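This report goes through a protein model part by part, from a single residue to sheets, helix pairs and a pocket. Keep the structure in view while reading.

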Amino acid sequence: MMYKMATSSKSRANLSDSDDEEELFRREEAVGGKSTVLLVGYSPTGGGHTGRTLNIIDESLNQGTLAENDMVIFYVPPHWEGTKRPAQLSDIAGKLTARNIDVKFIESEKPVYGYLDKTTGGSDDARILERIALHPLRNTSPKGKYKFLANYFTKKPREASFENIEKFSSGSSQFNLDELPRMSAPQLIDSVAQVYGLGNIKILSDMDPALQKAARNAGIAESQRLDQQNHAILLNRSDREKNVSMDKAVLAKVLGGRGEHISHISLGGKNTLSGTSGILKNLNITGGETISSVKRKIMQLFLWHAHGIDDIENKFQKDGYSGVLKGNSIEKVEDIGKAIYIYAHKKTPIIASHIMERIRNNDADYKDKIFIFCGKNAVGSYNAMHLAYLVDADGITTSGAGTSGEFVYLHRVAGAKSTLLSLPIEGHNEQEAITDALLQDPSTRDYTLRLEAGETLNDGKKIDALVKRPQITAGNDVTTYQQFITALGDEQTYVGQAHNILFRQQSLDQETADFQDIQRIMYSNVNLKATRSYLKFIFQLFNILKLSRKGSPVVIRFKESGRELSLSNVESIREFINDDEKLKTAFGVSSSQKVQELPLLSEVRTMLNSDVDFSSEAGSQLFIRLKDKLGHHMTTGF
C-alpha cells in the first residue's frame, strides 16, 4: 500500500522567524488539508483508562497542539459489560468541534477487556484470557458449534473507509454514541493514510494493542505513536530473563512492544491530586498554618457529617455505602484520636461490619476514631478521600494504582506519616505487585500493612492493628503545612508527560526507556507468541467440544484470516496434543524441550486423552476448572 507523505517544495530558509508564519506554513502544506490526524484507542475496562486517555486530549487543547483544521478519530471499544459509553466522550468531542477540529467516532474490534468476578470483585482472568483467545473468531457467525461467541462478541458489518462515516456534530439529534459503525484497525489506518499521509497521523492508546500494531505495520513512525500504561510495574528491570517466561505471554500483548513510545504511570511519581486545590481554597488553608491547625479544620468538617452507630448501622447493609462513622466517645473535635478512610469496593462491607462490632462493644481502641467511608456525598460536596489525605489520615484500600500511587507520592514528597492497610483484590496481578512495591519502597514500607499468608480480612486482626497504631504527631503544633501545599501544587502530571512525549517529542526517562526495551523483547519473543497460539488452541477447542463431543472437523484459527489448524476428529486431536514436534511446528515454539513448558500442558493432555464428554455437565465443569487454573497461572496485567 502506498501512502501520501507530507512534503514541501519550499525552503524553511525562505520563511521569516515568526512562529505564526511557521504555523501557517505547516498547516498549508499538510496533505489533505489536515496538520494532525489523531487516532485514539483505549480499553473500556472500568472508567480509568477512558478518563485518563481523554485528559490527554484536553491537555492538547490547552497547549494548542491540537488546533483548527486538525482531526480526532475516537476508536471507541465495544460496550463493556452492558454499560453505556461515558458522557465524557461527547463532552470532549464538543470541545474539539468548538475549536473547528473535526471529530469522528468509530467502534473498535480488539481492545483489551478486563472482567470482574461478581462475587469477590477480583479480576476474572479466565474470561480475559478466553476473550483474547477467541479474537480470531470474532466475526464468525455465533451459531451452531460457534454459538459461544455470543458471550463475547457482537457481529456487525465493517465500514470500508473512515470517509464514509459522518463527522460528529455537537447537539445533533442524529448522533448516537451507543450505536457506532465499526472498522478493523488495519482498515482504519489504511484509509486515513491514503487521504492524509502517514506523516500527519498520531496514535494515542491506552491498552488497544491492535491499533498500535496496525499503525506499526502501516509504517507510522515510532515518534508519532504513544501508549499510556501503568501495568509495567509487573516487569522486572533487574532480571530481564523473568519477563520472557511463558506465563507473561498475555502481558506481552497487553503492554507495548510494537515500537511505540510509552508513557509509564509509575507509583507515586507525579502529583495526581491537583483537585485538592479547591478544598484548600474553600477552607482557607495556607502553607503558613500549622499542621495541627489544618487538621482541626478538616476534622471539624468530618464531625459535622458524622453519625453514631445507632444512627447509621442499617445503612451499612447496602453495598457501596458512603458516609462518616464516629466512635462512641467523640462529641467534639478535640475528642478525635485519628481519622481512618476506607475505599475498598467489595471488601467494604467486611470492614464496616468489623468496625461496627467493635464500636458496638465499646472497644477502647475504636472509641476515639472517626471512619470515613469514601464515596459520593460522604462529606457533603467535598471529595472525602481528598479530605482524608489532607489530614494525613490512615487508610484501608484495595491496592489500585491510583490510591496507592497517591499514598506513595504524599509520603515521598509531602512528608506524610499515615499508615495504609493495602488489600490486593484476589487474583489481580497488578494489585499484588503494587502491595509488594509499597512494602519495598523506602518511603512507605514502614507505613504499610498487608494480610499475612493464611490470614483473612474477616479475621479483623489487621484492621485492629491499623486502628490501634498511634499516629506520629510530634511537631504538628509548630511545623507548618507548607510541605503539603508545595507537593499538592506541583504541576508536573502524567497527563502532561504523555502529552509532551507524543506532541513535543519529550525524551523518555531511564525507567520508561528500560520498560520500552523490555516490552519490545517480550513482544518479539517466539515462545511468548507460541504460548498465545497455544491458548487460542485450548479455548477454541474446548468451547467447540463443549457444544459437540465429536466437534469434527475442528478448525482452530490463530488469526482471523490466514494461519489455522484443522483437526478432523477426536483421534486426530489426541494425536496432535501428544506429539511435541507437531505442537512445536503448529504453535512456533523454539524447541521440543520448550514445548514441555507450555502452561498446564500435562493437564490438557490428560483431559483430551480421557473419555470425558465435554458436552456433558461433568465435561463442562472440567473445562471451567481448567480456565480458572490458566487464569491464575497467566499474568494478564489485571
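Asp 58 is part of helix α2, which covers residues 48–63. The model shown here is a predicted one. Apart from its neighbours within four places in sequence, Asp 58 is in contact with Ile 92 and Lys 95. Ala 465 is 407 residues away from Asp 58 in sequence, and the C-alpha atoms of the two are 43 Å apart in space.

**Two open sheets**

Strands of a sheet pair through backbone hydrogen bonds, and the pairing is either parallel or antiparallel. One open sheet in this model has 6 strands with parallel pairing, in the order β3-β2-β1-β4-β5-β6. Its edges are β3 (102–107) and β6 (261–264); each has a single partner strand, so one side of each is left without a neighbour in the sheet. On average, neighbouring strands of this sheet are turned by 20 degrees against each other, direction ignored. Within the sheet, β1 (residues 37–42) pairs with β4 (residues 201–206) in the parallel sense, over 6 bridges. Val 40 stands opposite Leu 204 in β4.

Another open sheet has 7 strands and mixed pairing, with the order β7-β8-β10-β9-β11-β12-β13. Here β7 (306–307) and β13 (448–449) stand at the edges with a single partner strand each, so one side of each has no neighbour in the sheet. The partner of β7 is β8 (residues 323–326), and the two strands pair in the parallel sense over 2 bridges. Ala 306 stands opposite Val 324 in β8.

Two helices can be placed against the strands of this sheet. Helix α11 (residues 348–360) packs on the sheet and touches β8, β9 (338–343), β10 (369–373), β11 (394–398) and β12 (420–423). The direction of α11 makes about 155 degrees with that of β10. Helix α14 (residues 429–440) lies across β11, β12 and β13, and runs at about 150 degrees to β12.

**Two helix pairs**

Two packed helices are described by the angle between their axes and the distance between the axes. The table gives these values for two pairs.

| Helix pair | Axes come within | Crossing angle |
|---|---|---|
| α18 (residues 510–524) and α19 | 5 Å | roughly 55 degrees |
| α23 (residues 601–609) and α24 (residues 617–633) | 11 Å | roughly 170 degrees |

With that crossing angle, α18 and α19 are therefore oblique to each other. Their contact is made by Met 522, Tyr 523 and Ser 524 of α18 together with Val 526, Leu 528, Lys 529 and Arg 532 of α19. By class, these residues divide into 4 nonpolar, 1 polar and 2 charged.

How are α23 and α24 oriented to each other? Angles over 145 degrees count as roughly antiparallel, and α23 and α24 are therefore roughly antiparallel to each other. On the α23 side the contact is made by Glu 603, Val 604 and Met 607, and on the α24 side by Leu 622, Phe 623, Leu 626 and Lys 629. The contact of α23 with α24 has 5 nonpolar residues, 2 charged residues and no polar ones.

**The second largest pocket**

The second largest pocket holds about 820 Å³ of space. It is lined by 30 residues, and the closest to its centre are Lys 110, Lys 213, Lys 253, Lys 536 and Lys 559. Which elements give two or more residues to this lining? They are α5 (185–196), α6 (209–218) and α19 (526–547). Of the elements, α6 gives the most to the lining, with 6 residues. By class, the lining of the second largest pocket has 15 charged, 10 nonpolar and 5 polar residues. Helix α19 thus appears in two parts of this report: in the contact with α18 and in the lining of the second largest pocket.

Definitions and conventions. Residues are numbered from 1 along each chain as its sequence is written. This is a predicted model: local features need pLDDT of at least 70, side-chain atom pairs count only at pLDDT 80 or more; totals for chains, interfaces and linings use all residues. Side-chain values use heavy atoms; hydrogens and water are left out. Axes are lines fitted to C-alpha atoms, for helices over the stretch in contact, and angles run from 0 to 180 degrees between N-to-C directions. Helices (H or I, at least four residues) and strands (E, at least two) are DSSP runs, numbered from the N terminus. Angles under 35 degrees count as roughly parallel, over 145 as roughly antiparallel, 65 to 115 as roughly perpendicular and the rest as oblique. Contact means heavy atoms within 4.5 Å. Ala, Val, Leu, Ile, Met, Phe, Trp, Tyr, Cys and Pro count as nonpolar, Asp, Glu, Lys and Arg as charged, and the others, Gly among them, as polar. On a 1 Å grid over the protein atoms alone, a cavity is a set of points where a 1.4 Å probe fits but cannot get out, and a pocket is an open set with protein on both sides within 12 Å along at least five of seven lines; lining residues have an atom within 4 Å of a point. Grid points are joined across faces, edges and corners, and a volume is the space filled by probe spheres set on the points. Two strands pair if DSSP finds at least two bridges between them.
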